[in-house]
Amino acid sequence: MSKYDGKRVVITGGSSGVGLATAQLLVDEGARVLITGRGQDALDTARGQLGAQAIAVRSDAASLPDIGALADRVKAEFGTVDALFANAGVNGFAPFEATSEELFDSLLSINTKGPYFTVQKLAPLLAEGSGVVLTTSVANVLGLPMLSAYAAGKAAVRSMTRSLARELLPRRIRVNAVSPGPIDSGILEKSMPEEAAARTKTQMAAENPMLRMGNPTEVARAVVFLAFDATFTTGAELAVDGGGSQI
Ligand SMILES: NC(=O)c1ccc[n+]([C@@H]2O[C@H](COP(=O)([O-])OP(=O)(O)OC[C@H]3O[C@@H](n4cnc5c(N)ncnc54)[C@H](OP(=O)(O)O)[C@@H]3O)[C@@H](O)[C@H]2O)c1
C-alpha cells in the first residue's frame, strides 16, 4: 500500500517543471493525476513519463471556457478530487517603463485570473478535507527588477490564498501557497535566448544564500506536504527558495 493510493489530483501546468515533478512524486506513491498544459507535445511526453495513472488534458489556464471544460472532464474522470494544484504559469521580464499592456494582461490572465477561476470552477468537485495549493513566487515579497507585472500577479495569488482559505474552510478544504525561489525548471529558457538564460541562472545561483538554484522535485515535496500532510495549516505560504526571501 503506497501513501497516496487512490488519491485523485489535478495539476494545472503539469506537463513540465514543478507541476510534472509533483505529478511524478504522487504517481510514484499510488495517486491518479490529471495534468494540464497548452502544448500537446509536452503533454504527450509527460503522459508517457507518468504512465497509466496519468491523464493529460490540453487546457489554457487563461481561458474561462477551457477551465469550464476542464471541470467537466475532471468530473467525468474522477468524480471528486482530493487535491488541486493550481500551478500553471509563465514569466515575463521587462523593465517597468517598457512593460506593455499586452505583457501585463497576458501575465495576469495566466498567473492570476487562471488560478482564481480554476479553483472556483473545480471547487464543487473538491472532496471535504481536500487540499488546494497555489503557486506564487518569492517575487511577491522582493522588489526584483524586470519583474514588476509578474510580481504583482503573484502577490495577488498570495492574497487570494488567504481569502479562498477562509471561504472554503466550512467544507474543511485547506488552501495554501507554495512560493518557489529560483528553480531550474526550464522556465527561463522559454522566455529568453539560451545564452541569456545561462547568464541569468549563474547570477541567480551566486545571489542565493545556498549558492545554487533549486530543482523542481524540491518544490514538489513541499506541494505534496501542503496538499495532504499539512492538516492544521491553511492560508499559509511555504517558501522553497534556499532562504532567498527569508535570510
Ligand atoms: N522556476 C522558477 O524559478 C519559478 C519561481 C517562482 C515561481 N514559479 C512558478 O512555478 C510555476 C511552474 O513553473 P515552472 O518553473 O515549473 O515552469 P515550466 O516548466 O515552464 O512549467 C509551467 C507549466 O505551466 C504550463 N502553462 C503555462 N501557461 C499555461 C496556460 N496558459 N495554461 C495552461 N498551462 C500553462 C506549461 O505548459 P505549456 O507552456 O505547454 O502551456 C507548463 O506545464 C509557475 O506558476 C511559475 O510562475 C517558478
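**Phe96**

I began with phenylalanine 96, which is exposed because its relative accessible area is 66%. My cut-offs for that: buried is under 20% relative accessible area, exposed is over 50%, and partly exposed is in between, with a 1.4 Å probe and protein chains only. I found phenylalanine 96 in the loop between S4 and H4. (Helices, H or I with at least four residues, and strands, E with at least two, are DSSP runs numbered from the N terminus.) I also looked up its distance to alanine 149: the two are 53 residues apart along the chain, and their C-alpha atoms are separated by 7.9 Å.

Ground rules, before I go on. This is a predicted model, with residues numbered from 1 along each chain as its sequence is written. Local features need pLDDT of at least 70, side-chain atom pairs count only at pLDDT 80 or more, totals for chains, interfaces and linings use all residues, and side-chain values use heavy atoms, with hydrogens and water left out.

**Strand S4 and its partners**

Is strand S4 buried or exposed? I counted 6 of the 6 residues of S4 (residues 81-86) as buried, so the strand is largely enclosed by the rest of the structure.

Next I checked what S4 pairs with; two strands pair if DSSP finds at least two bridges between them. S1 pairs with S4 in the parallel sense, over 4 bridges. In that pairing I see valine 9 opposite alanine 83 of S4. S5 is also a parallel partner of S4, this time over 5 bridges. There, alanine 86 stands opposite leucine 134 in S5. Following the chain from S4 through H4 to S5, I get a β-α-β crossover that is right-handed. I call a crossover right-handed if, with the strands pointing away from the viewer, the path from the first strand over the helix to the second runs clockwise.

**S2, H2 and S3**

I moved on to strand S2 (residues 32-37) and strand S3 (residues 54-58), which run parallel and are joined by 5 bridges. Which residue of S3 is the bridge partner of glycine 37? I found arginine 58 there. With helix H2 (residues 40-50) added, S2 and S3 make a right-handed β-α-β unit.

In helix H2 I picked out arginine 47. Arginine 47 counts as partly exposed because its relative accessibility is 34%. From arginine 47 to valine 33 I noted 9.9 Å, C-alpha to C-alpha, with their places 14 residues apart in sequence.

**Aromatic pairs**

How many aromatic pairs does the structure hold? I have 2 in my list. The rings of tyrosine 4 and phenylalanine 228 have centres 4.7 Å apart and planes at 35 degrees, so I filed this pair as tilted. My rule is that rings of Phe, Tyr and Trp (its six-membered ring) pair if their centres lie within 6.5 Å; planes under 30 degrees apart are stacked, over 60 edge-to-face, and the rest tilted. This pair links distant parts of the chain: tyrosine 4 sits in the segment before strand S1 (8-12) and phenylalanine 228 in helix H8 (residues 216-229), 224 residues apart. I have both tyrosine 4 and phenylalanine 228 down as buried.

Tyrosine 116 and phenylalanine 117 form an edge-to-face pair, at 5.1 Å centre to centre and 75 degrees between the planes. Tyrosine 116 is at 37% relative accessibility, so it counts as partly exposed. Phenylalanine 117, at 24%, also counts as partly exposed.

**Second largest pocket**

Tyrosine 116 turned up again in the lining of the second largest pocket, with Val119, Gln120, Ala123, Leu164, Glu167 and Leu168. For the term: on a 1 Å grid over the protein atoms alone, a pocket is an open set of points where a 1.4 Å probe fits, with protein on both sides within 12 Å along at least five of seven lines; lining residues have an atom within 4 Å of a point. I noted a volume of about 160 Å³. Helix H4 (101-122) and helix H5 (148-168) each supply at least two lining residues.

**Positive phi**

Last, I looked at two backbone spots. Methionine 146 is not a glycine, yet its phi is positive, near 75 degrees. I placed methionine 146 in the loop between strand S5 (126-135) and H5. Leucine 211, not a glycine either, has a positive phi of about 55 degrees. I found leucine 211 in the loop between helix H7 (194-207) and H8. At 61% relative accessibility, leucine 211 counts as exposed.

Conventions:
Grid points are joined across faces, edges and corners, and a volume is the space filled by probe spheres set on the points.
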